[in-house]
Structures are given as C-alpha cells and as structure tokens.
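Q: I have a model open and want to go through its packing and pockets. Can you take short questions?

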Amino acid sequence: MKDNLYNYILGIADNSLILGQRLGELCGHGPTLETDIACTNISLDLFGQVRSYFQYAAKIAGDNRSEDDIAMLRKEREYKNVLLVEQPNTNFAYTIGRQFLFDVYHLAFLAELQKSTDLTLSAIANKCIKEVSYHERFSSDWVKRLGDGTEESNQKMQKAINDLWTYTDELFHQTEADKVIVAEGAGVDVTKLKVNYYKRVNEILQLANLEIPESKYFQKGGKEGIHTEHLGYLLSELQYMQRAYPNMEW
C-alpha cells in the first residue's frame, strides 16, 4: 500500500509539475501582458499544488527525502506524467490547446478526488479545485476566442487540437498503482471520467467553430515512465540548479 500510494501521488503531481514548468517557460513571452501574467499565475498555482502532493509523498517515503528531492532529482523514467503535458510551446495555440485538454480532465479528476478516503488527498483536492476551475475557464475561453476568431487563428487552433488529440486517451489509462489505490477507496477511477470528458471537450470545440478530430490512434507511455524526447530537455532546465549546486536552498 505504501509504495502504491507513493506512486499514485507521483502520477497526479507530475502532471502539474511538468505543465507548470512548460507554462513557466512563457514568462515574459505572452502575446499580451495580461495573458502573460495569467499564464504565469496558472504556472504558480500548479507548482503550489505540486508542493502539497510532494510533501505528502516525502512523508510516505520516509527516507529523509524532501519535496525538492522528489521534484528535482529523479531520472526521466521515474516521472509519471502523461505525455500531453510535456508537449512543447510550439505557438500560443498549442499552449492553450494543451492547457485546455488537460484542464477539463484535471477539474473532473479533482471533483472525484475530494471523495477520497485518504483525508490528505481529499484536502488537497478541495483546496486545488478552486484554482483549476479558473484554469478551465481561462483555457476554454481562449480556445473559443482563437477558434472563432480570424481565419489564421482558427487554422492554428485547429492544427494544435489535431496534433495534441493523440495524447488525450492516456489520461484515462490506469497503472497498477492506480488500480490498487482505487480499490482501497483512496483514488479516482479515471476510466469513468472518459465519456463526460470528451462530451465537455466536444461542446467547447463546437462553440469555437473547430472540428472534432477523427483520429483513433493515441499515444501512451508517460504514466509508465516512457516519455517523448521533449521531457529530457525540460528536465535539464528544471533540475539544473539542484544538480549543479547540491542541497542548495533559496
């Protein structure tokens, strides 16, 4: 149970960690000052959530590792995030598309995690859901704004959704740790979120004058530690200071 709970927490937290890092890369590069600040604040929200999860994970591990050790000093194959969140900021449409496709899932996931029999996970979910509700509104509004905007913005938003769609199905895959924690009543059965997820996503895409991708081929592997080439580069930046100056503190 201990190892399964630890790995289950990593599976949740790593999504927010990696997505937060991706958004952090945009700081100072947003299309407008207001949007730049909004994306940076979402990044900070995600990192704040990560701290709560990793503090709990460190307590469970009981091997004197800190939250920073867990966040910064694992190897690439030890990260459990889905492939979607590690995709690069190709352009603003990709950033918004990636955020939107994750936010819809994240909000539904936290709503269920609030019911966890693990009081710590339930409390974290209860705290985080208010932030993620805003994230989902922000990304949904931008998808509609870009999709129903100019011809160019529509084309770019459509291409981003088409390319990122292949990573959505992995959100609903269960690892062995997931299955154990769900059976204990502490976890969320993500397979039950799938139908409503695609219903919500499809509603927003239709409002945005965007076509729903027809692709039936989906990528997976991130939850098992098998990632795209993008994660290694992301981790080299994320981990640099901790590896260059071991045990550093702010």
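A: Yes. This is a predicted model. The largest nonpolar core has 76 residues, and Phe109 and Leu113 have the most contacts inside it.

Q: Which elements give two or more residues to this core?
A: They are H1, H2 (33-61), H3 (67-72), H4, H5 (119-147), H6 (151-164), H8 (194-207) and H9 (229-238). The largest share comes from H2, with twelve residues.

Q: What is Leu113 in contact with, leaving aside neighbours within four places in sequence?
A: Tyr8, Ile12, Tyr53, Leu121, Ser122, Ala125, Ala186 and Val188.

Q: Switching to pockets. What volume does the second largest pocket have?
A: About 240 Å³. Helices H1 (2-24), H4 (92-113) and H7 (176-183) are the elements that give two or more residues to its lining.

Q: Which of them gives the most?
A: H1, with five residues.

Q: And which residues lie nearest the centre of that pocket?
A: Tyr8, Gly11, Ile12, Asp178 and Lys223, out of 17 lining residues. The lining divides into eight nonpolar, five polar and four charged residues. Tyr8 and Ile12 also turn up among the contacts of Leu113.

Q: Backbone next. Where is Asn64, and what is its phi?
A: Asn64 is in the loop between H2 and H3. Its phi is positive, about 75°, although Asn64 is not a glycine.

Q: Buried or exposed?
A: Asn64 has a relative accessible area of 79%, so it counts as exposed.

Q: What about Asn209?
A: Asn209 has a positive phi too, near 60°, and is not a glycine. Asn209 lies in the loop between H8 and H9. Its relative accessibility is 54%, so Asn209 counts as exposed, the cut-off being over 50%.

Definitions and conventions. Residues are numbered from 1 along each chain as its sequence is written. This is a predicted model: local features need pLDDT of at least 70, side-chain atom pairs count only at pLDDT 80 or more; totals for chains, interfaces and linings use all residues. Side-chain values use heavy atoms; hydrogens and water are left out. On a 1 Å grid over the protein atoms alone, a cavity is a set of points where a 1.4 Å probe fits but cannot get out, and a pocket is an open set with protein on both sides within 12 Å along at least five of seven lines; lining residues have an atom within 4 Å of a point. Grid points are joined across faces, edges and corners, and a volume is the space filled by probe spheres set on the points. Helices (H or I, at least four residues) and strands (E, at least two) are DSSP runs, numbered from the N terminus. Ala, Val, Leu, Ile, Met, Phe, Trp, Tyr, Cys and Pro count as nonpolar, Asp, Glu, Lys and Arg as charged, and the others, Gly among them, as polar. A nonpolar core is a set of buried Ala, Val, Leu, Ile, Met, Phe, Trp, Tyr and Cys residues joined through side-chain atoms within 4.5 Å. Buried means under 20% relative accessible area, exposed over 50%, partly exposed in between (1.4 Å probe, protein chains only). Contact means heavy atoms within 4.5 Å.
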